[in-house]
Amino acid sequence: MSAPPPFADRTAAGRALAARLAGHAAPDLLVLGLPRGGVVVAAEVARALGAALDLVVVRKVAAPGRPELAMGAIAAVDGEVETVREERVLGRADVDGAAFDGVRERELAELRRREAAYRQGRPAAFPAGRPVLLVDDGLATGSTMRAAVAAVRRQGPARVTVAAPVGAPSACARLAAEVDDVVCLWTPTPFRAVGQGYADFRATTDDEVRAALARSPGG
């Protein structure tokens, strides 16, 4: 009989992650969740650490006709958009620059729409000079998190830590080279999908994202 998933749901995962991150608590700490599911996890981390909560909206740039295949990702912080390209995927999928740019522009429009819908007038937090925790509900390829890291780095944070309850070992290792610290509670081998870490991995709604932000202090 296989062992049950380590986390009941995203709320439970966020509490477990917060316990591991207790040493990161600081007066000016900023916790940034990646919508949708990452914001629910991040809200528990921010609450436990007494930190401000905000979000970084990210979008996967999927290969044409293959929505499951990420050929890159985009993220925005304070109006600045960062693009990460997965060159190995682009080569295998035989996607040229024009095709990539076309998908990117469509995803950028959706990113802007979602950011406005989630914030509802809530001002963005400023990472400059602050320790930042970037939180998602899981790391599969790591593409969207890498875009979020790049966007936050542009703002001049004091320190960047990536944290997730579950992740692929390869994604966690790759991110470790780009940030100050990576905290991932469960890195199963073989890794199949983020959902294998959760008993309840139902899709997070936009309303849940807005509610999590409304309950937490901004930065």
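Rings of Phe, Tyr and Trp are taken as a pair if their centres lie within 6.5 Å, and in this predicted model Phe7, Tyr198 and Phe201 form one aromatic cluster. Besides that cluster, the briefing covers the open pockets, of which the largest holds about 910 Å³ of space, and an enclosed cavity of about 60 Å³. It then turns to two cysteines, cysteine 172 and cysteine 184, neither of which is in a disulfide, and to some details of the backbone, including a cis peptide bond from proline 35 to arginine 36.

**Aromatic rings and a charge over a ring**

- The structure holds 2 aromatic pairs, and one of them joins phenylalanine 7 to tyrosine 198 in a tilted arrangement, with 5.8 Å from centre to centre and 45° between the planes.
- This pair links distant parts of the chain, since phenylalanine 7 belongs to the segment before helix 1 and tyrosine 198 to the loop between strand 8 (181–186) and helix 7, with the two positions 191 residues apart.
- Phenylalanine 7 and tyrosine 198 are both buried.
- Elsewhere, arginine 85 places its charged end over the ring of phenylalanine 100, at 4.6 Å from the centre of that ring.

**The largest pocket**

- About 910 Å³ of space lies in the largest pocket, which is lined by 37 residues, the closest to its centre being Lys60, Asp136, Ala140, Thr141 and Thr144.
- Two or more lining residues come from each of strand 3 (57–63), strand 4 (66–77), helix 3 (87–93), helix 4 (97–119), helix 5 (143–153) and helix 6 (169–176), and among these contributions that of strand 4 is the greatest, at 5 residues.
- By class, the lining of the largest pocket comprises 16 nonpolar, 9 polar and 12 charged residues.

**The second largest pocket**

- The second largest pocket has about 240 Å³ of space, and of its 14 lining residues Arg10, Thr11, Val40, Thr204 and Glu208 are the closest to its centre.
- Helix 1 (10–20), helix 2 (37–49) and helix 7 (206–215) are the elements that each supply two or more residues to this lining, with helix 7 giving the most, namely 4 residues.
- The lining of the second largest pocket divides into 5 nonpolar, 2 polar and 7 charged residues.

**The enclosed cavity**

- The count comes to 1 cavity of 30 Å³ or more, and the largest cavity has about 60 Å³ of space.
- Its lining is made up of Leu32, Asp54, Leu55, Val56, Ala76, Val77, Asp78, Arg119, Ala124 and Ala125, and the elements that give two or more of these residues are strand 2 (52–55) and strand 4.
- Of the residues that line the largest cavity, 7 are nonpolar and 3 are charged, while no polar residue takes part.

**Cysteines**

- A search of the whole structure finds 0 disulfides; for cysteine 172 the nearest cysteine sulfur is that of cysteine 184, at 3.5 Å, and because a disulfide requires the two sulfur atoms to be within 2.5 Å, cysteine 172 is in no disulfide.
- Cysteine 184 is likewise in no disulfide, its nearest cysteine sulfur being that of cysteine 172.
- Cysteine 172 is buried, with a relative accessible area of 9%, and cysteine 184, at 16% relative accessibility, also counts as buried.

**Backbone details**

- Most residues other than glycine have a negative phi, and most peptide bonds are trans.
- The peptide bond from proline 35 to arginine 36 is cis, with omega near 0°, and arginine 36 lies in the loop between strand 1 (30–33) and helix 2.
- A cis peptide bond also runs from threonine 189 to proline 190, with omega near 5°, and proline 190 is placed in the loop between strand 8 and helix 7.
- Glutamine 120 has a positive phi, near 50°, and is found in the loop between helix 4 and strand 6 (131–135), where at 62% relative accessibility glutamine 120 counts as exposed.

**A buried residue of helix 5**

- Methionine 145 is part of helix 5 and is buried, with a relative accessible area of 0%.
- The C-alpha atom of methionine 145 is separated by 19 Å from that of histidine 24, with the two positions 121 residues apart along the chain.

Notes: Residues numbered from 1 in each chain as written. Predicted model: local features only at pLDDT ≥ 70, side-chain atom pairs only at ≥ 80, totals over all residues. Heavy atoms only, no water. 1 Å grid on protein atoms, 1.4 Å probe; cavity = no way out; pocket = protein on both sides within 12 Å on 5 of 7 lines; lining within 4 Å. Points joined across faces, edges and corners; volume = space filled by probe spheres on them. Nonpolar A, V, L, I, M, F, W, Y, C, P; charged D, E, K, R; others polar. Phe/Tyr/Trp six-rings, centres within 6.5 Å; stacked < 30°, edge-to-face > 60°. Buried < 20%, exposed > 50% of the residue type's maximum accessible area, 1.4 Å probe, protein only. Lys NZ or Arg CZ within 6 Å of the ring centre and 35° of its normal.
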